[in-house]
Amino acid sequence: MTLFEISLAVATILFALSALLAVLSLHSDREGLYRKGKTLFLLSSGLYLVPGLLRYYPFNAANFVDVTASMWGYFYLLALFLILTMVYFGFSRWKSYWKPIAAITLPFISVMQILSLPFIHSPRRVIVDLENNLLPVHISVTMVGELFFFFSFAGSVLYAVLELQLRKKSSMKFIYRLPSLESIDKFNLWAITWSLGFLSAGLLVGIGLVYVHYGTFFLFSPKEVIIYVSWLLILLVFLLRYRRRISSFRISLVNILLFLAAMSTFVATNIMIRAGFHSFK
Amino acid sequence: MVGMSHKTTPVDLRECFSLPDDRVPSFLDKTGSAGIEELVYVSTCNRVEIYAAVRDVPGSMETLLGILEEISSLSRASFEPHIYRKYSRDAVLHLLKVAASLDSMVVGENEILSQVKKAYRHSIQKKRTGIVLNKLFHQAFRTAKRVRTETEIAHNPLSIAYIATELAKKIYDNLSEKKALLVGAGEMGELILKYFTKQNVGDVTIANRSLHNAERIALEINREAHIIPLEDIGACAAEMDIIITSASSPVCLLTSEMLRETLRRRGNQPLFLIDIAVPRNIDPAAQSLPNIFLYNVDDLESIADENLKNRLNEVEIASRLVESDTAEFMEWYEGLEVVPAIVRIQNRFDEIRNSELRRYRKRRLKHLSEEDFRIVEDLTNQIMTKTLHNPIMHLKRYTDGGNKGHDVRERIREKTRLIEELFDK
């Protein structure tokens, strides 16, 4: 086994453990489990940088583009984005909600890390047949938009769980572990607003790039369609949240379903579709 | 420790031993003059307990019982069957359980810790605590904090009014920005509103048939409360975030239709309704409406029952924490017993060594330079330390391990005394 494989395996296992502890700490509300989970999260996140650094070495533009365009690189960057955002959450104004958010986010990241494992040596790459300095901007801004969409999903799960618990009128054991409905609702609106903003910006840059290089705004590739559909779904959730025509509980259910639909389509198409623009060929 | 609690003694007997705050200092002085080295007097509505650290345990217990006889004006025979006496580890374990609210009538209640702290403060002010009780009570406060943070014992409120405010906090982010409406002048409704006022709820409105009664409630709870006639509740409901109903009315005061309209006007913001009236003031069908969180008195009581079950489940975990902290304290305490003896033996040897060195320095070692004499000093010190090493280690070993019974500890004391006597002048 190479150093890359060993470090990736250790980081993935430790991260999975931290995800398990995050879920258990929310379930049991044991301070000790929470502290251990958070420490393990920070440790495994630090360790997760090692395989990335090994893959991106030597640090030059050609290698950067090559690794980023690979299937493993794609999953790695997505997971890393989520990890960095979780680290940011740990110190931001939302830090008091880190525990419930981590209980949803860390298992998700862990699944993403595990999903990437079969592709560590995959030769499949996104063949970028255009060269433009705005391309990294387009990719990273779009990814940040998707990241915020994920956080609106996590917040929606929390909202739905808390409202169901409040309506159950049973013990307050679980209710105590979650933030208030109103604060989750504010968080969800914040997340979906940023998601829409970033994804719109990413799309606009993408459209501009396609127009400059191909003289058209749309190439009708399957992944482009999926991105546009995602954007429309996010716009829908944003409008629902902003206009408050239906209850926050129902909006949260819609948000959860749309995210799951968008995400599973996204992952599945990344793996299965080989043809066309944006695809891993 | 000697004491009585709701578990062993009826209230009419307990109250005879309960001293008002202004009499506690004189009681502490009295026990001090009676030769009890350290003492803390804990008195709550459920217990009266005296914690003392003494050298002569049987004699001090007699003295304490005499003082109790005096303050209660009762014969010893009338209260002795009701009291419990605990010594050493049992007494430590008991205090830690009391402070952690594991021995309370309502397990996990908040009051007891502040009462124990108050009792300790009284003793501190009268300088009636020393190394043992200071360490013990600080340990008790630490243990109580651990039990609160490391178990869920305090996470399950039992009072209906408190549950209502806690539920509101799980719906709204900041109660100080919210508006509450009390409908009717029922006792429980008033109590719930009082709790909300304590949580700084932003704005209070009281609706009642009799405006005079509404004004009385406003005077008692919140002088800035708005008062409206009962008929206006439908109109102002949309502006409210929390509505507490406790009016006596044969018909529903807030129907599903009214609440649906209220929600529409509120722009789908959540609305928290507490209906504690019987018959109910709010149409029960309204609870199926989105964004309506409706709780009646049965709902709140069933939450209280569930919370109680959860608290009792946590007792086992909390007891383990208390046991481990007790063991830690006893280890410190038992080590403490031989420390004075060790210090005395070391001092005695050092005294002999220094006096002999001084004598020799004047006569047979006067030719030595300062530096050489320091070497001799170091040498004698090394010989003394090595000679004493084994006896001291044996003394320490006697006390290691904790959890020793009364007899074993008595034997340790006897051996310590014997070793001390061997080296005494």
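This is a short tour of a predicted model, with stops at the interface of chain A and chain B, a cavity and a pocket.

**Stop one: where the chains meet**

Start by colouring chain A and chain B separately. Contacts link 31 residues of chain A with 37 residues of chain B. The two chains bury about 2,700 Å² between them, and 46% of that area lies on carbon and sulfur atoms. Now select Lys169(A), Met172(A) and Tyr176(A): in chain A, these lose the most area to chain B, together accounting for 26% of what that side buries.

Next, show side chains for Lys186(A) and Asp173(B). They meet in a salt bridge, with 3.2 Å from N to O. Across this interface, the rule finds 3 salt bridges. If you switch on polar contacts, the count between chain A and chain B is 17 residue pairs, with both residues at pLDDT 80 or more.

Which helices should you highlight on the side of chain A that touches chain B? Helix H6 (135-168), helix H7 (181-214) and helix H9 (248-272) of chain A each give two or more residues to it. H6(A) gives the most, with 5 residues. Colour that side of chain A by class and you should find 11 nonpolar, 7 polar and 13 charged residues.

**Stop two: the largest cavity**

Stay with chain A for the next selection. The rule counts 5 cavities of 30 Å³ or more, and the largest cavity has a volume of about 160 Å³. To centre your view on the largest cavity, pick Glu146(A), Leu147(A), Phe259(A), Met263(A) and Phe266(A), the closest to its centre of the 14 residues that line it. H6 and H9 of chain A turn up again here: along with helix H4 (71-91) and helix H5 (98-116) of chain A, they give two or more residues each to the lining. By class, this lining has 12 nonpolar, 1 polar and 1 charged residues.

**Stop three: the second largest pocket**

Now move over to chain B. The second largest pocket has a volume of about 1,000 Å³. Select Val54(B), Arg55(B), Val132(B), Tyr333(B) and Arg413(B), which are the closest to its centre among the 39 residues of the lining.

Which element of chain B supplies the largest share of this lining? Show H13(B), which contributes 9 residues. Then add strand S3 (47-53), helix H3 (57-72), helix H5 (88-99), helix H7 (131-150) and helix H15 (406-422) of chain B; each of these, like helix H13 (297-362), supplies at least two lining residues. A last recolouring by class gives 25 nonpolar, 4 polar and 10 charged residues around the second largest pocket.

Technical notes. Residues numbered from 1 in each chain as written. Chains lettered and ligands numbered in written order. Predicted model: local features only at pLDDT ≥ 70, side-chain atom pairs only at ≥ 80, totals over all residues. Heavy atoms only, no water. 1 Å grid on protein atoms, 1.4 Å probe; cavity = no way out; pocket = protein on both sides within 12 Å on 5 of 7 lines; lining within 4 Å. Points joined across faces, edges and corners; volume = space filled by probe spheres on them. Helix = DSSP H or I, 4+ residues; strand = E, 2+ residues; numbered from the N terminus. Nonpolar A, V, L, I, M, F, W, Y, C, P; charged D, E, K, R; others polar. Contact = heavy atoms within 4.5 Å. Buried area = accessible area lost by both parts, 1.4 Å probe. Salt bridge = Lys/Arg side-chain N within 4 Å of Asp/Glu carboxyl O. Polar contact = N/O pair within 3.5 Å; in protein donor to acceptor, adjacent residues only side chain to side chain.
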